[in-house]
Amino acid sequence: MPLDKTWYAGFSSDLHDPSRWETFYNTVARKRDPSLPARVPPLPKIDAERMFLDMMRSARAPDPWMFPALQALRKSGKFIIAALSNTVIFPPGHELAALSDDPKKDPLRSLFDVFISSAHVGLRKPDPRIYQLALKKVDEFARANAKTERGRAAREEGINWEEGVRADEIVFLDDIGENLKAAKNAGFGTIKVPLGRAYEAVDELEKITGLKLAGDHPKVPLKADYKGKARL
């Protein structure tokens, strides 16, 4: 679906659903701040388009723990790094469209050997088919690069890329339980990435890979304030 007026109208309708507001207030807002009154306040007026684009802009900030881990994994040359991301396609000319359409302009995209964008392939997590597509693409990359320097380095580690990649050789990271469950059903190993505490997932990756992946950022949980900005 294109990010047009129709899409934002639907998103706005969801945001202004009284039952959703009541559920959010009682299960999320009051949990974060127990001093809030028990009575549900009037549903606020939300600019859906502005909110969505603010979310997309803030989401581009590299995680202080996972980004250095990806860089270290890439530098090691021992692993195939793939992204399986639920995405959107911004309208032509939009400020975020250039970054989405040109991987060379995105420092994060350049770390991945395989990048699967849901908006471009027409599937989204946790659809089982997108995990099968991911396995297929990683397998193809391995076979195509078996005779490269990285492929030879993998062979020295006892991994033959010419034989491709099996599902049980993949470790999948995500912050959403549904996505992790679907990955496990696909035969992948899984690691949960707790929001604001990605260093816990990096610790697990270090155990699996045997590499030093943690950067210099202190292991202090990040919390989101009500303006959507991360703070220590």
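**A tour from helix 9 to helix 4**

Select G187 to begin: this residue follows helix 9 and has a positive phi, near 100 degrees. Helices here are DSSP runs of H or I with at least four residues, strands are runs of E with at least two, and both are numbered from the N terminus. The model is predicted, so local features need pLDDT of at least 70 and side-chain atom pairs count only at pLDDT 80 or more, while totals for chains, interfaces and linings use all residues. Residues are numbered from 1 along each chain as its sequence is written, and side-chain values use heavy atoms, with hydrogens and water left out.

**Helix 9**

Now select residues 177–185, which form helix 9; its buried residues are N179, L180, A182 and A183. Buried means under 20% relative accessible area, exposed over 50%, and partly exposed in between (1.4 Å probe, protein chains only). These four lie on the same side of helix 9 because they cover an arc of only 160 degrees around the axis, the arc being that of the directions from the helix axis to the C-beta atoms. Turn to the other side of helix 9 to find E178, K181, K184 and N185 exposed. Add helix 7 (128–144), strand 3 (171–174) and strand 4 (189–192) to the selection: what covers the buried residues of helix 9 includes these elements. Contact means heavy atoms within 4.5 Å.

**Helix 1**

Go next to residues 5–15, helix 1, where Y8, F11 and L15 are the buried residues. Their arc around the axis is only 60 degrees, which puts them on the same side of helix 1. An α-helix has 3.6 residues a turn, so residues three or four places apart point the same way. Show helix 3 (48–58) as well, since it is included in what covers the buried residues of helix 1. At the start of helix 1, select D4 and T6: a side-chain oxygen of D4 comes within 3.2 Å of the backbone nitrogen of T6.

**Helix 4**

Select F67, which sits in helix 4 (residues 66–76). F67 has a relative accessible area of 19% and is therefore buried. Leaving out residues up to four places away in sequence, F67 touches P62, L108 and L111. D54 is 13 residues from F67 along the chain, and their C-alpha atoms are 21 Å apart.

**The whole chain**

Zoom out to finish. The protein contains 10 helices and six strands, and its C-alpha trace spans about 65 × 40 × 35 Å along the principal axes. Of the 232 residues, 31% are buried.

Terms used
Polar contact = N/O pair within 3.5 Å; in protein donor to acceptor, adjacent residues only side chain to side chain.
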